[in-house]
Amino acid sequence: MGQDTNWQDEFTPGEWKTLQLAPFWISTAVAGADQFIDDAEGRALSEQLAHWKKVQDPLARELLGSIFTDLKAVSTRFRAATHTEKAMAQLREVASLLDQKVSAEQARAVKQEFLKVGKATAEASGGGFLGLGDKVSPEERSMLSQIETVLGLSTL
């Protein structure tokens with residue numbers, strides 16, 4: 001597909017809305033993995049989305065841009081799906097949609113961009129006494145590993 005491609009046209013409106021929620025599911029799953037979500041973890045998602053114009057992959061850039069430019073509406077839709085089990089089921093659907101609709105290389109690029117959201121969320125806070133030490137809790141690290149597996153990135 002050329003650079004002028006409107007990637008959203010490659011998906012049904014429902015599929016696109018599902019893809020838009022992936023960064024929210026990842027961020028919430030990682031932030032909640034240690035049973036504590038703080039303000040920095042909450043801001044990490046919006047900070048990552050704010051940099052959507054710098055994303056190299058055109059599908060990931062369009063997708064993340066569509067989230068950022070309609071953040072309030074996408075956030076409202078997301079509030080209904082905040083449980084980790086739901087997130088993992090939806091991420092399986094996201095992986096399947098990408099695997100079916102675009103090339104393996106394109107799917108991998110988008111999945112990797114989504115995983116960056118989780119990593120940024122995990123690194124947004126923590127670190128023990130005075131913020132020293134590892135910012136990523138064992139629970140968050142485990143959740144990131146599970147997300148990698150669900151997205152099909154751990155086998156690539």
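**Helical architecture and core of the predicted model**

T121 is located in helix 6, which spans residues 104–123; helices here are DSSP runs of H or I with at least four residues, strands are runs of E with at least two, and both are numbered from the N terminus. The structure is a predicted model, in which local features require pLDDT of at least 70 and side-chain atom pairs count only at pLDDT 80 or more, whereas totals for chains, interfaces and linings use all residues. Residues are numbered from 1 along each chain as its sequence is written, and side-chain values rest on heavy atoms, with hydrogens and water left out.

T121 counts as buried because its relative accessibility is 0%; buried denotes under 20% relative accessible area, exposed over 50%, and partly exposed the range in between, with a 1.4 Å probe and protein chains only. Apart from residues up to four places away in sequence, T121 touches S27, V30, A31, E41 and A44, a contact being defined by heavy atoms within 4.5 Å.

The protein chain contains seven helices and zero strands, so that the order of elements from the N terminus reads α-α-α-α-α-α-α. Of its 156 residues, 45% are buried. Among contacts between residues at least 6 apart in sequence, 74% join residues at least 24 apart. The chain exposes about 8,400 Å², of which carbon and sulfur atoms supply 51%; accessible areas were obtained by the Shrake-Rupley method with a 1.4 Å probe, and for residues only the protein chains shown count as cover.

The largest nonpolar core comprises 44 residues, and those with the most contacts inside it are L19, W25, L59, L91, L98, F114 and I147. Such a core is a set of buried Ala, Val, Leu, Ile, Met, Phe, Trp, Tyr and Cys residues joined through side-chain atoms within 4.5 Å. At least two residues of this core come from each of helix 1 (13–32), helix 2 (39–49), helix 3 (58–69), helix 4 (71–78), helix 5 (84–101), helix 6 and helix 7 (138–151). Helix 1 gives the most, with nine residues. With residues up to four places away in sequence not counted, L59 touches W7, F11, W16, L98, V102, Q106 and V110.

R61 is found in helix 3 and, at 26% relative accessibility, counts as partly exposed. Beyond its neighbours within four places in sequence, R61 is in contact with W52, K53, V55 and Q56. The C-alpha atoms of R61 and H51 are separated by 9.2 Å, the two residues being 10 apart along the chain.
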